[in-house]
2 protein chains.
Amino acid sequence: MRMSDLSRRSGVSVTTIKYYLREGLLPAGRQLSATQAEYDEQHLRRLRLIRALIGVRGLSVSTTRDVLRALDEHAGDTHILLGLALGSIRIVEEPEEGTPEPAEVGALIKELGWQVHQSAPARAALAETLTSLRTLGTPLEWRTLLPYARLAEQTAAVDLDQLDWIDDPLEVAERALLLTVLLEPALLALRRMAQENESARRHAED
Amino acid sequence: MRMSDLSRRSGVSVTTIKYYLREGLLPAGRQLSATQAEYDEQHLRRLRLIRALIGVRGLSVSTTRDVLRALDEHAGDTHILLGLALGSIRIVEEPEEGTPEPAEVGALIKELGWQVHQSAPARAALAETLTSLRTLGTPLEWRTLLPYARLAEQTAAVDLDQLDWIDDPLEVAERALLLTVLLEPALLALRRMAQENESARRHAED
DNA sequence: TGTTGTTGGATACCTTCGCTATCCATGTTA
DNA sequence: TAACATGGATAGCGAAGGTATCCAACAACA
């Protein structure tokens, strides 16, 4: 498959493909000669994945590169993949080094009895939200998050259940990535709809 | 309060405040003379809210403007606020007019028995995720989303519970905004941590 | 054996976004 | 009155994510 075929089948322009190659998102094709390279189905698949991460989820190019690299390096080990590859995604851009993690985050995790790596970016993301709410004058008691956390636990169980019946390690890794990252906008959308519905329900009761 | 005081107390530079005024995110102060304006606590509060929406949640300036306008217009009515003001937030940028909503989204909502407005952007967001997964060759059965939706229902109930005991309508509106929008990164962070924990737990069992 | 068109690779450029810096006339304040 | 601050307008900047152009090497057909 030539680059132009790759472009046609993926719907991504040749120049953009070249850009992704340059940025290291897409591995180079097999060089046939000085000005000829061959691409295969793997490249096509990878390219579609890139578009989904950047376009649907809105990841930055550099974050996408980190995620894909982690995916390649730890394809076989779902645990490492989830903890490390997905850990490289910053939900909040710039971890805001200046903000020390409030004790609340540690307290919450301890209360939940969770094992969460100390350097997990999710800790920083949570910390920043709490700090921000406090600055706004509407602080959130960390205990308020407990019911949310229990629901997150159940969500995570559903997530991992879906990986159980898959055999191919590479497929497990890719599926895990899609389920965690690409599903995020969908989960938020479900929450929005549920809020609308619940709000309507409560109003109707009055 | 002068603009410089507003700057000092909010930590936002004067030039940036001017930018927000220009962009219509922040209402103008009370004009004292041709080159003098007075700002109050409301402005400070609003400014902090703007920073939180843009900085923490990563909303674009124009989206933030839409959200704040909706907040002002329907401050008293939580139902309208959630359905309309929050509806104006695009989880996925560019609703992708070209993609018609798959029948699956309608089927899911019907199965759930939810009342969701036909034009809710959350529908489009969900639709795009499903379309994207199908393009990637790993389609998601809509029934797979049912457990997630039931969890979203419970989350929404927790959300609305927290608004019950607040009296001031303006405060309800602002709190609703914070709980839905600003809490989103926190909820995703909880899910990430729960996944890490659940993955560790399952591996330990082997 | 041309000659025409395509390919990969490099480089420069473009557009949008979110600020930021500079100007300047008008005010305030010491 | 002199020095400095303020509000408002305009222009510019830096990063991000592409896009357009150029060019030498090559393939493939006549």
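The legends below describe close-up views of a predicted model with protein chains A and B and DNA strands C and D.

In this predicted model, local features need pLDDT of at least 70 and side-chain atom pairs count only at pLDDT 80 or more, whereas totals for chains, interfaces and linings use all residues. Residues are numbered from 1 along each chain as its sequence is written, chains are lettered from A and ligands numbered from 1 in the order in which they are written, and side-chain values use heavy atoms, with hydrogens and water left out.

**View 1. Fold of chain A.** Chain A holds nine helices and two strands, where helices (H or I, at least four residues) and strands (E, at least two) are DSSP runs numbered from the N terminus. The order of these elements from the N terminus is α-α-β-β-α-α-α-α-α-α-α. Of the 206 residues in chain A, 53% are buried; buried means under 20% relative accessible area, exposed over 50%, and partly exposed in between (1.4 Å probe, protein chains only). Among the contacts in chain A with a separation of 6 or more, 58% join residues 24 or more positions apart, a contact being heavy atoms within 4.5 Å.

**View 2. Surroundings of A:Leu6.** A:Leu6 lies in helix α1 of chain A and is buried, with a relative accessible area of 0%. Leaving aside residues up to four places away in sequence, A:Leu6 touches A:Met1, A:Ile17, A:Leu26, A:Tyr39, A:His43, A:Leu44 and A:Leu47. A:Asp40 is 34 residues from A:Leu6 in sequence, and their C-alpha atoms are 8.4 Å apart.

**View 3. Contact between chain A and chain B.** Chain A contributes 78 residues to the contact and chain B contributes 79 residues. The two chains bury about 7,400 Å² between them, and carbon and sulfur atoms give 67% of this area. Buried area is the accessible area (1.4 Å probe) that two parts lose on being put together, summed over both. A:Tyr148, A:Arg191 and A:Arg192 supply 10% of the area that chain A buries against chain B, more than any other three residues.

**View 4. Polar and charged pairs between the chains.** Eight salt bridges are counted between chain A and chain B, each a side-chain nitrogen of Lys or Arg within 4 Å of a carboxyl oxygen of Asp or Glu. One salt bridge pairs B:Arg191 with A:Asp159, with the closest N and O atoms 3.0 Å apart. Between the chains there are also 24 residue pairs in polar contact, both residues at pLDDT 80 or more. A polar contact is a pair of N or O atoms within 3.5 Å; within protein, one must be able to donate a hydrogen and the other to accept it, and residues adjacent in sequence count only if both atoms are side-chain atoms.

**View 5. The protein surface near DNA strand C.** Around DNA strand C are 23 residues, of which A:Met3, A:Ser4, A:Lys18, B:Thr16 and B:Thr35 come nearest; a residue is near a strand if one of its heavy atoms lies within 4 Å of it. A polar side-chain atom of A:Lys18 is 2.9 Å from a base nitrogen of DNA strand C. Backbone N or O atoms also approach this strand: one of A:Thr35 is 3.2 Å from a sugar or linking oxygen, and one of A:Ala37 is 3.3 Å from a phosphate oxygen. The largest share of this surface, five residues, comes from α2(B). By class, the surface has eight nonpolar, 11 polar and four charged residues. Here Ala, Val, Leu, Ile, Met, Phe, Trp, Tyr, Cys and Pro count as nonpolar, Asp, Glu, Lys and Arg as charged, and the others, Gly among them, as polar.

**View 6. The protein surface near DNA strand D.** DNA strand D is surrounded by 22 residues, the closest being A:Thr16, B:Met3, B:Ser4, B:Lys18 and B:Thr35. Sugar and phosphate account for 66% of the atoms of DNA strand D that come within 4 Å of the protein. A phosphate oxygen of DNA strand D lies 3.4 Å from a backbone N or O atom of A:Val61, and a phosphate oxygen is 3.2 Å from an N or O atom in the side chain of B:Gln31. A polar backbone atom of B:Thr35 is 3.2 Å from a sugar or linking oxygen of the strand. α2(A) gives the largest share of the surface near DNA strand D, five residues. The classes represented there are eight nonpolar, 10 polar and four charged residues.
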